[in-house]
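Me: I am new to this structure, and I would like a close look at a single part of it rather than a tour of the whole. Please choose one element, and then follow it outward to whatever it touches.

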Amino acid sequence: MTGATTLVGLIGWPVAHSLSPAMHNAAFAALGLDWAYVPLPVAPVALGAALAGLGALGFVGANVTIPHKQAVVGHLAVVDELARAVGAVNTIQVRPDGGLVGSNSDVPGFLRPLDPFLPDLIGADAVVLGAGGAARAVVYGLLTTARLRRLTILARRPESAAALIGDFAALTADTELRVGSLDEATGLGGAALIVNTTPVGQMPHEGRSPVAADGWRSDQIAYDLVYHPLRTRFLDDAAAAGCRTIDGLGMLVGQAAVAFERWTGRTMPTDIARSAALAALSL
């Protein structure tokens, strides 16, 4: 890095576990770009100050992760249509005047690995576990892309799931929406797709799953947004039952590619980014 290096980063709390610096920096190097992606641990009480300082510090953009994806919206000069509809921002661009523009690359990032499975979801049921910022992107993506019969959101606090459903109820007249408690995740036999958006099973709490090991059916699709570890108990139990599985690295790389292009105007070499993420996971 030099005084001429273009800076982007990741705002979250915590961020030490993130694979984003490894992915983006490998992609910058592969394209010969004098750019650097740095982790920026920002406590919730300091979010406003951190965002206000991005332009002053010479950053041209940033990603936003847990727990700031929703709180960040109120600090931005512009929020694009998708991010406003989702109610969560995970990508920021800094304008030359210092103004911040927020967008959401989680929705296209989530849908990319799911695309081959969409024909199997026509008229089917799906369950989303969790009701946080990531769940908002997942629910929005499913309601606007998959032709589901029913979508159920199960959360530790069912009132949070109900609020999420309320925000998105106008998106579809064809999909039945319902909510419930995560305690119901012991029996999900009627769902064709189960998506885990919770941190259950993430390092350092690997070995746990929000779904009971005997709760799987062989024709289901299990999609875990957790990527550290890459193979979670959730996915291992599903695979053992014969289910098709999608790990969290696909979404991570997908959303990174969208942000990368918005910042640089270049296409991210996703094979290099994925290899860098896998190498970081093996450390």
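Reply: A good part to choose is strand β6, which is covered on both of its faces: Leu100 and Gly102 are buried on one side, and Val101 and Ser103 are buried on the other. Buried here means under 20% relative accessible area, exposed over 50%, and partly exposed in between, with a 1.4 Å probe and protein chains only. In a regular strand the side chains alternate between the two faces of the sheet. The model is predicted, so local features need pLDDT of at least 70 and side-chain atom pairs pLDDT 80 or more, while totals for chains, interfaces and linings use all residues. Residues are numbered from 1 along each chain as its sequence is written, and side-chain values use heavy atoms, without hydrogens and water.

The strand β6 (100-103) belongs to an open sheet of six strands with mixed pairing, whose order is β2-β1-β3-β5-β6-β4. Helices (H or I, at least four residues) and strands (E, at least two) are DSSP runs numbered from the N terminus, and two strands pair if DSSP finds at least two bridges between them. The edges of this sheet are β2 and β4 (78-79), and since each of them has a single partner strand, one side of each is left without a neighbour in the sheet.

On the side of β4, the pairing with β6 is parallel and rests on two bridges, and valine 78 has valine 101 of β6 as its bridge partner. On the other side, β5 and β6 pair in the antiparallel sense over four bridges, and here glutamine 93 is the residue whose bridge partner in β6 is valine 101. Valine 101 therefore has a bridge partner in β4 and another in β5, in keeping with the definition of pairing used above. The hairpin formed by β5 and β6 leaves five residues between the strands, and in it glycine 98 takes a positive phi near 90°.

One strand further along, β5 meets β3 in an antiparallel pairing joined by three bridges, and glutamine 93 of β5 is the bridge partner of glycine 61. Leaving the sheet for a moment, the loop between β3 and β4 holds proline 67, which is joined to isoleucine 66 by a cis peptide bond with omega about 5°. A second bond of this kind, from tryptophan 13 to proline 14, is also cis, with omega near 5°, and proline 14 is found in the loop between β1 and α1 (20-30).

What also packs on β6 is helix α2, whose buried residues pack against β1 (6-12), β2 (35-41), β3, β5 (91-94) and β6, where contact means heavy atoms within 4.5 Å. In this helix, which covers residues 47-56, the buried residues are Leu47, Leu51, Gly53 and Leu54. They lie on the same side of α2 because they cover an arc of only 165° around the axis, the arc being that of the directions from the helix axis to the C-beta atoms. The face of α2 turned away from this buried side carries the exposed residues Ala49, Ala52 and Ala56. After α2 comes glycine 58, whose phi is positive, near 90°.
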